[in-house]
Amino acid sequence: MRKFKLLLSFILLINYTMISQDLSAYRWKNRILLLCDSGEGLEKSKSQLQLFSSYQKGLEERDLIILIYDGNTIKDEKFRTVSGVSKKEIEFEQEGVFLIGKDGGVKLESGFYTEPITIFDLIDSMPMRRAEMRRKNNP
């Protein structure tokens with residue numbers, strides 16, 4: 001878990017680009033669903049992404065982006081490597097799905113094949129998300 005927190009801190013605090021956008025710019029703007037997958041071909045991540053394939057609107061409404069960590073690199077949901085990042089010195093101890101809140105805190109640690117509705121329900125129960133929904137409904 002300590003190594004995962006180190007990885008998370010590294011992701012959120014180090015200044016680097018993802019398709020010409022700084023990942024630290026996502027803090028306070030986006031939630032991140034981080035898929036940690038060391039399997040050959042990233043089959044578990046591909047299956048998890050497939051579960052989300054019909055939930056694009058739900059992802060957008062919750063400001064949720066999906067990233068994949070393969071033990072060496074961070075990739076986006078199209079499996080494009082995030083440029084400027086080397087993770088060779090950092091290892092994660094467990095595979096699975098990690099929900100990272102807008103504040104950078106880990107909100108969920110789960111195994112692969114976690115249903116999108118489970119993740120959406122958790123996000124929707126968070127105080128920050130409730131405030132977002134109130135602002136949207138009462139402009």
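How many of the five residues of β4 are buried? Five of the five are, so to speak, tucked away: β4 is mostly covered. Keep in mind as you look around that this is a predicted model.

## β4 and its partners

Let's start with β4, which covers residues 96-100. On one side of the story is β1 (31-36). β1 and β4 run antiparallel, and five bridges join them. If you want one pair to look for, find Leu34, whose bridge partner in β4 is Phe98.

β4 also pairs with β5, a strand made of residues 106-110. This pairing is antiparallel too, with four bridges. Here you can look for Ile100, which has Val106 in β5 as its bridge partner. The two strands form a hairpin with five residues between them. Within the hairpin, Gly104 has a positive phi near 90°.

A handy rule for reading strands: in a regular strand, side chains alternate between the two faces of the sheet.

## Two nonpolar cores

Now for the greasy parts. In soluble globular proteins, nonpolar side chains tend to be buried together. In this model, the largest nonpolar core contains 17 residues. The ones with the most contacts inside this core are Leu33, Leu35, Phe52, Leu64, Ile66, Leu99 and Ile119. Several elements chip in: β1, α2, β2 (64-69), β4 and α4 (116-124) each supply at least two residues. There is also a second, separate core of ten residues, and among them are Ile32, Cys36, Leu67 and Val82.

Leu33 is a good residue to click on. Setting aside residues up to four places away in sequence, Leu33 touches Phe52, Leu64, Ile65, Ile66, Leu67, Val97, Phe98, Leu99 and Ile119.

## A buried glutamine

Is Gln48, in helix α2, buried or exposed? Gln48 has a relative accessibility of 1%, and buried means under 20%, so this residue counts as buried. You'll find Gln48 in helix α2, which spans residues 43-52.

Who are its contacts? Leaving out neighbours within four places in sequence, Gln48 is in contact with Leu35, Val97, Phe112, Tyr113 and Thr114. Leu35 is a name you've met already, as one of the residues with the most contacts inside the largest nonpolar core.

## Charged pairs

Time for the charges. The whole structure has 13 salt bridges. One of them joins Arg62 to Glu61, with their closest N and O atoms 3.8 Å apart. Arg62 is buried, with a relative accessible area of 9%, whereas Glu61 is partly exposed at 32% relative accessibility. Both belong to a network of salt bridges that links Arg31, Lys57, Glu61, Arg62, Asp63, Lys102, Asp124, Arg129 and Glu132.

Another pair to find is Asp70 and Lys75, whose side chains meet in a salt bridge at 3.8 Å, N to O. Asp70 has 21% relative accessibility and counts as partly exposed. Lys75 has a relative accessible area of 13%, so this lysine is buried. Then there's Lys107 with Asp103, at 3.1 Å from N to O. Lys107 is partly exposed, with a relative accessible area of 35%, and Asp103 counts as partly exposed at 28%.

Note on methods:
Residues are numbered from 1 along each chain as its sequence is written. This is a predicted model: local features need pLDDT of at least 70, side-chain atom pairs count only at pLDDT 80 or more; totals for chains, interfaces and linings use all residues. Side-chain values use heavy atoms; hydrogens and water are left out. Buried means under 20% relative accessible area, exposed over 50%, partly exposed in between (1.4 Å probe, protein chains only). Contact means heavy atoms within 4.5 Å. A nonpolar core is a set of buried Ala, Val, Leu, Ile, Met, Phe, Trp, Tyr and Cys residues joined through side-chain atoms within 4.5 Å. Two strands pair if DSSP finds at least two bridges between them. A salt bridge is a side-chain nitrogen of Lys or Arg within 4 Å of a carboxyl oxygen of Asp or Glu.
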